[in-house]
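User: I would like to go through a protein model step by step. Can we start with the ligand and then move outward?

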Amino acid sequence: MKFAHETLPQRVVFAPGESAAAVAAEVAALGARKAMLIASDREAALADPIAREIPVAVRHEEVVMHVPVEVAARAREAAAACGADVLVSVGGGSTTGLAKAVALTTGLPVVAVPTTYAGSEATNVWGLTEGETKTTGVDNAVLPRSVVYDATLLASLPGGLSVASGLNAMAHCVDSFWGPRADPIDRALAQEGVRALAAGLPVVAGDPAGREGIEQTLYGSYLAAVSFAGAGSGLHHKICHVLGGMFDLPHAQTHAVVLPHVLAFNAPHAPDAERRIAQAFGSDTASAGLAALRARLDAPTALKEYGMPEDGIARAVAPILAAAPAGNPAPVTEDAVTGLLRAAWEGSEPS
Ligand code: NAD
């Protein structure tokens, strides 16, 4: 064993039904007096009880997926105009992403209250979009100081989005087995993440508002994000990043569709990942475990249903080959990527 692992500094609070008090405690512990509360209009009702317990200087609702630079600029202006000394985000990965964009240039601390399973709250990765180009970067200034997980806030997440978002978290776990910096600590977290997500997601699918399933899934999605932050983007995330940027596909659903194809592609060349993912699923093989879970969830299956054009398969191959990590377990060839994309586009069985 020879490796260097960086553990990111962050407080994590699980407080089911008590996010308002928990966020107030985190804000007070930071010594903050002027909060910029970021929540989109769809998340406003979830943020209202929190707003009543913290010193809100401004509420900011303009949240757009993938954080366009002009949206980030307006949020930074709003933070400066009110003299904010803390950013509180209540929402999915897009909302967390906007808080991170403000933190990137202002250095303000973030208290994140996630309402999906995207996991952005546990990474030091930021993303900004200019035109059709999404740029990501790593900076510890954007890592939320505190995360408050409140399962009751996810009760309103529609069933289909819960499933897709939970499979986005599953993708963080799976890619963490072979990401460019993956180490034994990342893999240990990822394996427990697979187990927790596989336990929680079917419960969520059956009862999207039930607390027990959401708690398990939130716990799994936190582990997923921490392992992913350590391991870095593997082939799966590189593919989804290219496809999302080129065809403006929905984030969580794209991950949900592509994951089984990347797992089937890499697992035969990654015996340790194959064994441990299968073990976490309690199945004979990793792919069989994921397939069985997806069947129970009625998971998204085909990129063509989310707006990817058929000629996009050929167009995406070169950028994916350019982005693929050098150490990917399976050799990443033009033929292999074409076959993988076609299967994901039409929704055929992974091979
Ligand atoms: P999202 O934040 O765009 O949310 C999807 C939709 O669900 C939105 O309309 C939102 O308002 C709504 N919603 C959120 N929570 C809800 C709730 N509890 N009840 C009802 N509706 C709710 O989507 P997402 O998948 O959470 O995040 C995707 C974004 O996060 C992408 O831009 C992605 O790149 C980014 N991301 C970043 C990282 C990172 O480490 N930087 C990690 C994961 C995702």
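User: How far is an oxygen atom of the ligand from an N or O atom in the side chain of Ser94?

Analyst: This is a predicted model. Ser94 is among the closest residues around the ligand. A polar contact needs two N or O atoms within 3.5 Å. The pair formed by a ligand oxygen and a side-chain N or O atom of Ser94 has a distance of 2.6 Å.

User: Which residue offers a backbone N or O atom to a nitrogen atom of the ligand?

Analyst: Set the side chains aside first: Thr116 uses a side-chain N or O atom, 2.7 Å from a ligand oxygen. The backbone atom in question lies 3.0 Å from a ligand nitrogen. That backbone atom belongs to Leu153.

User: How much of the ligand's accessible area does the protein cover?

Analyst: On its own, the ligand has 860 Å² of accessible area. The protein covers part of that area, and the share is 87%.

User: Which helix gives the most to the shell around the ligand?

Analyst: The shell has 22 residues. By class, seven are nonpolar, eleven polar and four charged. Three residues of the shell come from one helix, residues 93–106. That top contributor is α4.

User: What is the volume of the second largest pocket?

Analyst: Start with its walls. Seventeen residues line this pocket, and those closest to its centre are Pro260, Ala291, Arg294, Glu349 and Pro350. Helices α9 (251–266) and α11 (286–297) each supply at least two lining residues. The volume of the second largest pocket is about 280 Å³.

User: How many residues in the lining of that second largest pocket are nonpolar?

Analyst: Sort the lining by class. Five residues are polar and three are charged. The nonpolar count is nine.

User: What percentage of residues 163–345 is strand?

Analyst: An unreviewed UniProt entry lists this span as "domain: Fe-containing alcohol dehydrogenase-like C-terminal". Its end C-alpha atoms lie 19 Å apart. Helix makes up 73% of the span. Strand makes up 0%.

Note on methods:
Residues are numbered from 1 along each chain as its sequence is written. This is a predicted model: local features need pLDDT of at least 70, side-chain atom pairs count only at pLDDT 80 or more; totals for chains, interfaces and linings use all residues. Side-chain values use heavy atoms; hydrogens and water are left out. A residue is near a molecule or strand if one of its heavy atoms lies within 4 Å of it. A polar contact is a pair of N or O atoms within 3.5 Å; within protein, one must be able to donate a hydrogen and the other to accept it, and residues adjacent in sequence count only if both atoms are side-chain atoms. Accessible areas come from the Shrake-Rupley method with a 1.4 Å probe; for residues, only the protein chains shown count as cover. Helices (H or I, at least four residues) and strands (E, at least two) are DSSP runs, numbered from the N terminus. Ala, Val, Leu, Ile, Met, Phe, Trp, Tyr, Cys and Pro count as nonpolar, Asp, Glu, Lys and Arg as charged, and the others, Gly among them, as polar. On a 1 Å grid over the protein atoms alone, a cavity is a set of points where a 1.4 Å probe fits but cannot get out, and a pocket is an open set with protein on both sides within 12 Å along at least five of seven lines; lining residues have an atom within 4 Å of a point. Grid points are joined across faces, edges and corners, and a volume is the space filled by probe spheres set on the points. UniProt positions are given in the numbering used here, feature names are shortened, and annotations may be inferred rather than shown by experiment.
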